[in-house]
Amino acid sequence: MLLDLVLPVECGGCGAPGVRWCPACAAELRTKAADPRVVTPRLDPGVPVLSLGRYAAARRQAIVAVKEHGRADLVEPLAGAVRTGLTQLLTWGLLETPLIVVPAPTRWTAARRRGGDPVTRVAETAVAPLAGVTVTRALRLTGLARDSVGLSSADRQRNLAGRVRVRALPAAPVVLLDDVVTTGATACASVDALQTSGVSVHAVLAIANA
Ligand SMILES: [Zn+2]
C-alpha cells in the first residue's frame, strides 16, 4: 500500500517500529489455558459472561486500533484469541455445537464506513475453521441509541433499552460476542432481545472486560 511508504509501520499494540503486531503483544493477547473467565458486570444479563482478558495494554490497543483506526490487519490476532476461547468453552462443555455466534450490535458508524463492523469481522474470522460454529448478524441498534461514552451505567441501560432489535433469527443456540464488557448494558439489552424472540442464549463472550 502507498500508505506504508509514507507512514512507518508500527505494532498496533505497543508502537514498536517495523512490525504490525509484535511477538510480545501476540503473546499477551493469546488466550491462556484457563481463559475465558467468568466476570460479573454490574448489570447481569442472566447468562454467564466470559472474558478473554482485561481491557488493558495490548488487548485494549488492538481493539481500539481495529475499531477506531481501521487497522484491519489486527482482526486476525483478535479473531485468534476468540477462536481459542470458543474452542476451550466447547472443550469444557460450557458450549456445544451447533453454535451460532451473534455479534453485539454496534454504533461504530466510522468503522462501518471503512468496510464493516469490526466485531462481526472478528467473529467471522474466528469461526471460519471451527466445525459447527457459524455467525449470524442477528441484532441491530435502532437509530436512536446514542454513543455510550460518558454515560453512567443507569444511563447506558436507559439508552439501550428497547433499542436492540432482532433482524434475523439464529437457528441454533447462541453465544453473544462483544468487544468490551463494561457495565453489561449492551449484553443485557442484546440477550433480552434474543430471548424475547425465543432464541436460546447460552453465554456472553467478551474480547475484554473493563
Ligand atoms: Zn507490540
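Me: Buried means under 20% relative accessible area. On that footing, what share of the 210 residues of the protein counts as buried?

Reply: This is a predicted model, and 50% of its 210 residues count as buried. The secondary structure comes to 8 helices and 8 strands.

Me: What makes Ala-185 count as buried?

Reply: Its relative accessibility is 4%. The cut-off is under 20%, so Ala-185 counts as buried. Ala-185 lies in helix H8, which covers residues 185-196. Asn-159 is 26 residues away from Ala-185 in sequence, yet 8.9 Å away in space, C-alpha to C-alpha.

Me: Why is Ala-57 called partly exposed?

Reply: Ala-57 has 45% relative accessibility. Buried would need under 20% and exposed would need over 50%, so Ala-57 ends up as partly exposed. Ala-57 is found in helix H3. And there's an oddity in its backbone: phi is near 50°, a positive value in a residue other than glycine.

Me: And what about Ala-65, why is that one buried?

Reply: Ala-65 has a relative accessible area of 5%. With the line drawn at under 20%, the conclusion is therefore buried. Ala-65 lies in helix H3 too.

Me: Which residues does Ala-65 contact, leaving aside its neighbours within four places in sequence?

Reply: Gly-12, Gly-70, Arg-71 and Leu-74. Take Gly-12: it sits 53 residues from Ala-65 in sequence but 6.4 Å from it in space, C-alpha to C-alpha. As for Gly-70, it comes just after H3 and takes a positive phi of about 65°.

Me: Which residues of H3 are buried overall?

Reply: In H3 (residues 57-69) they are Ala-58, Arg-59, Ala-62, Ile-63, Val-64, Ala-65, Val-66 and Lys-67. Arg-59 and Lys-67 are on that list, and both residue types count as charged.

Me: How do you know that strand E3 is largely enclosed by the rest of the structure?

Reply: Count its residues: 5 of the 5 in E3 (residues 99-103) are buried, so the strand is largely enclosed. Its two faces are both covered, with Leu-99, Val-101 and Pro-103 buried on one side and Ile-100 and Val-102 buried on the other.

Me: What makes E3 and E4 a pair?

Reply: Two strands pair if there are at least two bridges between them. E3 and E4 (residues 133-135) are joined by 3 bridges, running parallel, so by that rule they pair. Leu-99 of E3 has Val-133 as its bridge partner in E4.

Me: How many bridges link E3 to E7, and in which sense, parallel or antiparallel?

Reply: There are 4 bridges, and the sense is parallel; E7 covers residues 174-181. Pro-103 stands opposite Leu-177 of E7.

Me: Why are E1 and E4 called edge strands?

Reply: The open sheet has 6 strands in the order E1-E2-E8-E7-E3-E4, with mixed pairing. E1 (37-38) and E4 each pair on one side only, which is what makes them the edges.

Me: Why are H4 and H6 described as oblique to each other?

Reply: Helix H4 (residues 75-91) and helix H6 (residues 118-127) pack at an angle of about 60°, with their axes 8 Å apart. Angles under 35 degrees would be roughly parallel, and roughly perpendicular runs from 65 to 115. The helices therefore count as oblique, and their crossing is right-handed.

Me: Which residues make that contact between H4 and H6?

Reply: H4 brings Val-75, Glu-76, Leu-78, Ala-79, Val-82, Arg-83 and Leu-86, while H6 brings Arg-121, Val-122, Thr-125, Ala-126 and Val-127. They divide into 8 nonpolar, 1 polar and 3 charged.

Me: How do you know that the peptide bond from Asp-35 to Pro-36 is cis?

Reply: Omega tells you: it is near 0° there. Pro-36 has its place in the loop between helix H2 (23-29) and E1. Another cis peptide bond joins Thr-97 and Pro-98, with omega about -5°. Pro-98 lies in the loop between H4 and E3.

Conventions:
Residues are numbered from 1 along each chain as its sequence is written. This is a predicted model: local features need pLDDT of at least 70, side-chain atom pairs count only at pLDDT 80 or more; totals for chains, interfaces and linings use all residues. Side-chain values use heavy atoms; hydrogens and water are left out. Axes are lines fitted to C-alpha atoms, for helices over the stretch in contact, and angles run from 0 to 180 degrees between N-to-C directions. Angles under 35 degrees count as roughly parallel, over 145 as roughly antiparallel, 65 to 115 as roughly perpendicular and the rest as oblique. A crossing is left-handed if the near helix is turned anticlockwise from the far one by less than a right angle, and right-handed if clockwise. Contact means heavy atoms within 4.5 Å. Buried means under 20% relative accessible area, exposed over 50%, partly exposed in between (1.4 Å probe, protein chains only).
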